[in-house]
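User: I would like to learn how to read a sheet, a loop residue and the confidence values in a model like this one. Could you take me through them in turn?

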Amino acid sequence: GNSTELSTIIILAILGGFILNFMPCVLPVLSLKIMNFLDKKSLDLPFIKKSFLFNILGIISTFLFLAVIIILFKLVGINLGWGFHFQEPMFTILVLLIVLFFSLNLFELVNIKIPYWLFPNQNINQRNSSDYKVSFFNGFLATLLATPCTAPIIGTTVAFALQSSYLNIILIFFCMGFGMSLLPLFFVFFPNFISYLPKSGKWNIYIKRILGSLLMLTAGWLFIVLIKQIELYLLMILLIIIISFYVFIFFQNSNRWKINNILSNFTVISVVTIFILSVLFVNHKNNNNLSSEIKYVNSNKINQYISAGKIVLVDVTAEWCITCQVNKYFVLERDDVKMKLNEKEVVLIEVDWTRRDQEVLSYINSFDRSGIPLNIVYGKVTPKGIVLPEVLTKEVLFRAINIAKGSKNLAEK
């Protein structure tokens, strides 16, 4: 019955939340938390416990905050999908700036000690309380970065949540937050564990560089999302502001005239600029040669194709959806798959959901899904469409196409 379904979903939500910790966009933020303690000279266990508790508070309250926003919009009659806030350019810009800041901080190019510069003449209690604020913020940021990662399990749980009662939405989002908190919770119960990690030294610097690079990549990905969302000139203005802020901080720094410092800063700025220009260039080229038929969902058009004996593959995707990019790279862009999709009877319809679009969301909801990736294969035999799993494989795709064709040989390679 209903209760068994709900309890299954709750278990899935906790599991999905836990998996989110290891997503490429979240891992660096949470590792920062642990790195923070390795820098401390003495390990103050009650302080570590409290700090991780604030981290958990940040994670769970952000999940509940998202749940409340979804409910409020539902009351007004607007359905939001998973990852909805990444469809708002202002939000993307904000997260981009925060991530960039963290990344530069790890490379020690921006030397602002986040907790302490707010309170220059504080005593130890104030310092701790400001550290707790940062722990809370860390949980908040980790959760926001986790949301476009529709891990396979998360897709199912969120879809269920968004279509059930308000109480269930809160319950399921809370469980996802709890699942994501299991990692910091481990340190609340075993704060001693941190003392087994090697003390800060050379290796610490290397790890910081690696985490910094991961966050740089996250910032780069957010930048690519923005290209699809806002006008080019606004993007350029944003870029100029970021670089000038960066240069300003650089000149505030006392060691700035050391040659290697100037060199490393110059390298960072040039690498970032080259990266951004190349992305803009590639994007401009891509926009000019779109292979897919139409950019929006049109059921009449789909039905026309089906009655003409065609197989239709609808691929709903967005720049901010990491799983979609993985599917594209490992499956849809492969040569053998492209050949299959370029056959006369197969039509690929790519629907871009980078910006908010109610029609696309209704289409997604019609398959009991709340987020993307969403891939559907239509054919004469399957006019209602075959829904493919979130993480695509070539075999699954080919099998669905063969079923839609009504061919006997399903395992055709």
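Analyst: This is a predicted model, and a good place to begin is Thr382, which lies in the loop between strand 3 (374-378) and strand 4 (386-387).

User: Is Thr382 buried or exposed, and why?

Analyst: Buried means under 20% relative accessible area, and because Thr382 has a relative accessibility of 13%, this residue counts as buried. Leaving aside residues up to four places away in sequence, Thr382 touches Val377, Ile403 and Ala404.

User: How are strand 3 and strand 4, on either side of that loop, joined to each other?

Analyst: As a general idea, strands of a sheet pair through backbone hydrogen bonds, either parallel or antiparallel. Here strand 3 and strand 4 run antiparallel and are joined by two bridges, and Ile376 has Val387 of strand 4 as its bridge partner.

User: In what order do the strands of the sheet lie, and which stand at the edges?

Analyst: The sheet is open and consists of four strands in the order 2-1-3-4, with mixed pairing. Strand 2 (346-352) and strand 4 are at the edges, and each has a single partner strand, so one side of each lacks a neighbour in the sheet.

User: Where is the pLDDT below 50?

Analyst: Where pLDDT is low, the predicted coordinates should not be read in detail. The protein chain has a mean pLDDT of 78, with 78% of its residues at 70 or more. The pLDDT is below 50 over residues 112-123, a stretch with 19 contacts in the model beyond near neighbours in sequence. Residues 288-294 also have pLDDT below 50, and that stretch has 10 such contacts.

Notes:
Residues numbered from 1 in each chain as written. Predicted model: local features only at pLDDT ≥ 70, side-chain atom pairs only at ≥ 80, totals over all residues. Heavy atoms only, no water. Buried < 20%, exposed > 50% of the residue type's maximum accessible area, 1.4 Å probe, protein only. Contact = heavy atoms within 4.5 Å. Pairing = 2+ DSSP bridges. pLDDT = per-residue confidence, 0-100.
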